Amino acid sequence: MGSHASSFLLSSKSCEGGFGVKFDHAVAKTITVSDLVKSGFVDGLFGSLFFPATGFKNYQGVSNPLLMVQVTELKDGIFLSYGYNHTVADGKSIWMFINKWSEICSIDTESKSMEISSSLRGWFLDAIEYPIHIPDPEIKPSSNGASTTTTNIFQEIVFHLTKENVLKLKEKPNNEAGIEDGKISSLQAVLGHIWRSRVKNSDMRREEETHCRVPIDMRERLNTKLKAECFGNVIQTGIAIVNVGELLDHGLGWLAMQINKMVRLQTDENAKTFAENWVKNVEIPVAVSGNLLVTSCPRFNVYGNDFGWGKPIGSRSGPPFSDGKLVVFQGVEEGGFEFQACFPRDVVVNLIKDAEFLEYVDIAS
């Protein structure tokens, strides 16, 4: 895609509404759909060209749009992209919004009507003084040790797992752990496989800690439960932590069970404790890194949308780049998973030659 960069914005129009929404229209007649949806390496310029919210931070939402949408005309198709502020929505909320927007576009207004509704009933801490003052993290450096390394040492790569391989991977750790009822989920098994492969193909020392950060939907874990359609950001990040030596000495069943245990620990009490501690010592990290930093969810309805141009044939994520970032989508094939990963270049070089990793994962050149 690099050869297309200089000729990308043949034309561009922007329209910013009065409610914190910005719309961009762009034309890229030298770029084809196949340039964007193929598996394999992702060009570093991809995100900055196609995603309108590149470079914006959540804490800048007071003076910038909360939702940005860009429609790009390609040589043989349409690329629809968006960026949103996480202070107002999580992945489940934004895909609920996209799904409803798509439904509205498909309505025959002369013969049909549709009720569009979402639950706004929220969950708040008691005895908290408002407003909560949030320092600018770029003025006050974070003390969490997060890496701010530039992106030139990273490589993005797209790979997918078929439904058959997802089921095989789910069966493997459940058998290893002696679980008959499938306690370890498909996603937990797949994440365990990717996490183990990523660490195995790095130069990490055995005594080092390795982290897997996973977003957890708390809507039905809170007391009282929130409705499934509750709009907002109701995500808690769970972190599974093990030593590299432990990870390498155990099989997939053990590692997937560590993810499973971490997920089950995300309770109402856990969420309240985290929130109460955070408001007492507000801190926004400049960057969050980890050996596996999972975002999105394969349950989001990506491929059922139609804005009048036909249903999607591929899905991609834009910046920000982050070491270990792993974006998970539902696969084009029902039951499959697709991932867009950002790993150090030497890890990617090793992964694409790792027979154990490739036994379940497909990477096209």
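This report walks through a predicted model of one protein chain, from its overall make-up to a few individual residues.

## Ground rules

Residue numbers start from 1 along each chain as its sequence is written, and side-chain values rest on heavy atoms, with hydrogens and water left out. Since the model is predicted, local features need pLDDT of at least 70 and side-chain atom pairs count only at pLDDT 80 or more, while totals for chains, interfaces and linings use all residues.

## The chain as a whole

The protein chain holds ten helices and eleven strands; these are DSSP runs numbered from the N terminus (helices H or I, at least four residues; strands E, at least two). Of its 365 residues, 41% are buried, where buried means under 20% relative accessible area, exposed over 50%, and partly exposed in between (1.4 Å probe, protein chains only).

About 19,500 Å² of the chain is exposed, and carbon and sulfur atoms supply 52% of that. The areas come from the Shrake-Rupley method with a 1.4 Å probe; for residues, only the protein chains shown count as cover. As for contacts (heavy atoms within 4.5 Å), take those between residues at least 6 apart in sequence: 72% of them join residues at least 24 apart.

## Helix α3

Helix α3 covers residues 91-105, and its 15 residues should span 21 Å at 1.5 Å a residue; the end C-alpha atoms are 21 Å apart, so the two agree. The expected span here is 1.5 Å times one less than the number of residues.

Which residues of α3 are buried? They are G91, S93, I94, W95, M96, I98, N99 and S102. These buried residues pack against two strands, β4 (67-74) and β5 (78-84).

## One cavity

Rolling a probe the size of a water molecule over the atoms shows where empty space is left. In this case, a cavity is a set of points on a 1 Å grid over the protein atoms alone where a 1.4 Å probe fits but cannot get out, and lining residues have an atom within 4 Å of a point. Grid points are joined across faces, edges and corners, and the volume is the space filled by probe spheres set on the points. The count comes to one cavity of 30 Å³ or more, and the largest cavity has a volume of about 30 Å³.

Its lining is made up of E156, S317, G318, K325, V327, Q340, A341 and C342. Two elements, β10 (325-330) and β11 (337-344), give two or more residues each, and β11 has the largest share with three. By class, the lining has three nonpolar, three polar and two charged residues (Ala, Val, Leu, Ile, Met, Phe, Trp, Tyr, Cys and Pro count as nonpolar; Asp, Glu, Lys and Arg as charged; the others, Gly among them, as polar).

## Strand β7 and the loop after it

D217 lies in strand β7 (residues 209-217) and counts as partly exposed because its relative accessibility is 27%. Leaving out residues up to four places away in sequence, D217 touches K92, V234 and I235. D217 and V234 are 17 residues apart along the chain, yet their C-alpha atoms are separated by 6.2 Å.

In the loop between β7 and β8 (235-243) sits T224. The peptide bond from N223 to T224 is cis, with omega near 15°.

## Two more loops

S296, in the loop between β9 (292-295) and β10, has a positive phi of about 70° although it is not a glycine. At 26% relative accessibility, S296 counts as partly exposed.

G178 belongs to the loop between α4 (163-176) and α5 (186-200). Exposed or buried? With a relative accessible area of 59%, G178 is exposed. The C-alpha atoms of G178 and G253 are separated by 8.8 Å, with their positions 75 residues apart along the chain.

Technical notes: 1 Å grid on protein atoms, 1.4 Å probe; cavity = no way out; pocket = protein on both sides within 12 Å on 5 of 7 lines; lining within 4 Å.
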